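Biologist: Please take a close look at one part of this model, the aromatic rings and what surrounds them. A plain account will do.

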Amino acid sequence: MTTESSDRVPHDGGASYAAAGVDIEAGDRAVELMKEWVRKTRRPEVLGGLGGFAGLFDASALKRYERPLLASATDGVGTKVDLARKLGVYDTIGHDLVGMVVDDIVVCGAEPLFMTDYICVGKVHPERVAAIVKGIAEGCVLAGCALVGGETAEHPGLLGEDDFDVAGAGTGVVEADRLLGPDRIRTGDAVIAMASSGLHSNGYSLVRHVLLDRAGMALEARVEELGRTLGEELLEPTKIYSLDCLALTRTAEVHAFSHVTGGGLANNLARVIPDGLHAIVDRSTWTPGPIFDLVGRAGRVERLELEKTLNMGVGMIAVVPEESADVALTLLADRGVEAWVAGEITDRGEHTSGAELIGEYAS
């Protein structure tokens, strides 16, 4: 975990890095503040500590695999960071970052091993940067992966003093013969939906436009149908499913997962459906949370537009054999994950595939 720095040779009347707006001392303090949180993510395979040029992970741990496949993913959290900035809440956005990365990795059945992060700020406020890293570290703990390093870059002149953005990359591993995906899916498989914690980290350009710009709602205002302020609802962290999904693969037969992110449920589920098969998901099996209805009503957004932009209350899908559905639901319930059978896989002809939602949402 480092901060951007450079050799400086200041002299009377001359330029310096500090004069250009980069505060190396503040960056060093931010690193010191974040160390305790990064330590909490440590796995036995991690070597060294913060401050190096690269994070080290002992790959000999992979010797227990016969044919280990490495899975990698990278992501950010989009315009949700603007809401964190406006509200001055910086310790939840890291959960979103981790969730976006590790739950893409686990879709193929891989165990997330480690992550790195990149935090770009207009000005380093050490406590603020440390709060962001705290959220990332807490997310890594929930995902069972290590935070092995990262970068904090100060970009004065390009970003405002309070502006920031975050991105992350992760690596996981799966045994080749346990790789999940379209090749495993069969006609009659059950489609199990796992509830989202809210909007997660997708569709915020639409949400911000509808609720803040068009409807003129205040982030600090309490919204009765949400049971809290609008800001609290919009900053609800992304649910991290990776350990739950991995536990499911150890307990029941699983054919595929689908992480419901940008593009909505149907489009993301279609990515794991093989040619010739089709996923049918019945809306009547669940009721989307009130935030989805609020966005739809406030912006007069058509349902299909909502469904291709937001997760509509489903953050992860598992496709399992019909006979494994009850075992899967029991395990997820025991782990505190709200889940239900939302549909099935059907035969749709040799050269077509995809997923569709049918019916009406339960009221």
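Is Trp-286 buried or exposed?

Modeller: The model is a predicted one. Trp-286 has a relative accessibility of 6%, and because the cut-off for buried is under 20%, Trp-286 counts as buried.

Its ring pairs with that of Trp-340: the centres are 5.9 Å apart and the planes make an angle of 40°, so the pair is classed as tilted. Trp-286 is in the loop between strand S12 (277-282) and helix H9 (290-299), while Trp-340 belongs to strand S14 (residues 339-347), so the contact ties together parts that lie 54 residues apart in sequence. Trp-340 is buried as well, its relative accessible area being 12%.

Tyr-361 joins Trp-286 and Trp-340 in one aromatic cluster. Tyr-361 also has a charge over its ring: the charged end of Arg-283 sits there, 5.9 Å from the ring centre. A further charge of this kind is found at Tyr-241, where the charged end of Lys-239 sits over the ring at 5.8 Å from its centre.

For the wider picture, the count of aromatic pairs comes to 4. One of them is formed by Phe-57 and Phe-114, which is tilted, with 5.0 Å from centre to centre and 40° between the planes. This pair links distant parts of the chain, since Phe-57 is in strand S3 (residues 56-57) and Phe-114 in strand S5 (residues 111-121), 57 residues apart. Phe-57 has a relative accessibility of 16% and therefore counts as buried.

Definitions and conventions. Residues are numbered from 1 along each chain as its sequence is written. This is a predicted model: local features need pLDDT of at least 70, side-chain atom pairs count only at pLDDT 80 or more; totals for chains, interfaces and linings use all residues. Side-chain values use heavy atoms; hydrogens and water are left out. Rings of Phe, Tyr and Trp (its six-membered ring) pair if their centres lie within 6.5 Å; planes under 30 degrees apart count as stacked, over 60 as edge-to-face and the rest as tilted. Helices (H or I, at least four residues) and strands (E, at least two) are DSSP runs, numbered from the N terminus. Buried means under 20% relative accessible area, exposed over 50%, partly exposed in between (1.4 Å probe, protein chains only). A charge sits over a ring if NZ of Lys or CZ of Arg is within 6 Å of the ring centre and within 35 degrees of the ring normal.
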